[in-house]
Amino acid sequence: MREKIRAFYTAHRKLLSAVPAVLFMIVIFWFSSKTAEKSSESSDRIVDVILGVPGITDQESGEAFAQLRNLVSTIVRKGAHFAEYAVLCALFMYWLCSFCLPYRRLCCTAVLLSACYAATDEFHQLFVEGRSGQVRDVLIDASGALAGMLAISAVRALLRRRREGRTEGDRA
């Protein structure tokens, strides 16, 4: 039975490794399909938690607090864009590993695919009530993808160094 599962995975590796990226793209599409009002409700919950931390709002009132709330809301919303595309890029990298591409090509392709999906996602938002497609958001998303790729590359380099250090120590 174990051999059959392994054989199935080996035969369908490229397709199966694409599943996490496709599922995450569906999640992003779902978030983008929310109206502006529903989207704001989601991010406002996070903003409320952040601003509910003792000491942050004690000194703020009126217009100053409204400005602070607006700033925190922008950071939360744009940070979510950045983070979700960092994850998407990582999932694209996982999928592209099944193609045995040179690492640099794999990285460039993953970032490019993420940026292209960001552009289509912003286009999709043009058709959602109260939402708009923003070039700025595509740039934030692409930056998140780049950061995700760089983070994975850094971890990969650290692991390689660590492994090479153990190998040299074993020889001595």
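Two residues are said to be in contact when they have heavy atoms within 4.5 Å of each other, and helices are DSSP runs of H or I with at least four residues, numbered from the N terminus. The structure above is a predicted model, in which local features need pLDDT of at least 70 and side-chain atom pairs count only at pLDDT 80 or more, while totals for chains, interfaces and linings use all residues. Residues are numbered from 1 along each chain as its sequence is written, and side-chain values use heavy atoms, with hydrogens and water left out.

A good place to begin is helix α2, which covers residues 13–32, 20 residues that reach 30 Å from the first C-alpha to the last. That is close to the 28 Å expected at 1.5 Å a residue, where the expected span is 1.5 Å times one less than the number of residues. Along the way α2 bends by about 35 degrees at Val19, with the proline Pro20 following within four residues; the bend at a residue is the angle between axes fitted to the seven residues ending there and the seven starting there. The buried residues of α2 are Ser17, Ala18, Ala21, Ile28 and Ser32, where buried means under 20% relative accessible area, exposed means over 50%, and partly exposed lies in between, with a 1.4 Å probe and protein chains only. What covers these buried residues of α2 includes α4 (62–97) and α5.

How do α2 and α5 pack, and at what angle? Their axes are 10 Å apart and make an angle of about 30 degrees, where axes are lines fitted to C-alpha atoms, for helices over the stretch in contact, and angles run from 0 to 180 degrees between N-to-C directions. The two helices α2 and α5 are therefore roughly parallel to each other, since angles under 35 degrees count as roughly parallel, over 145 as roughly antiparallel, 65 to 115 as roughly perpendicular and the rest as oblique. On the α2 side the contact is made by Met25, Ile28, Phe29 and Ser32, and on the α5 side by Tyr117, Asp121, His124 and Gln125.

Helix α5 itself runs over residues 103–125, and its 23 residues should span 33 Å at 1.5 Å a residue, which agrees with the 33 Å between its end C-alpha atoms. Among the buried residues of α5 are Leu106, Ala110, Ser114, Tyr117 and Asp121. Ser114 counts as buried because its relative accessibility is 0%. Leaving aside neighbours within four places in sequence, Ser114 is in contact with Tyr85, Leu88, Cys89, Phe92 and Ala145.

Beyond α5, Gly133 sits in the loop between α5 and α6 (135–171), and at 30% relative accessibility Gly133 counts as partly exposed. Apart from neighbours within four places in sequence, Gly133 is in contact with Glu122 and Leu126.

A further pair of helices is α3 (residues 36–51) and α4, which pack at an angle of about 120 degrees with their axes 9 Å apart, and α3 and α4 are therefore oblique to each other. Residues making this contact include Ile46, Val47 and Ile50 of α3 and Leu68, Val72 and Val76 of α4. Ala36, which lies in helix α3, is partly exposed, with a relative accessible area of 24%. Although Ala36 and Gly130 are 94 residues apart in sequence, their C-alpha atoms are 4.8 Å apart in space, and Ala36 touches Glu129, Gly130 and Arg131, not counting residues up to four places away in sequence.
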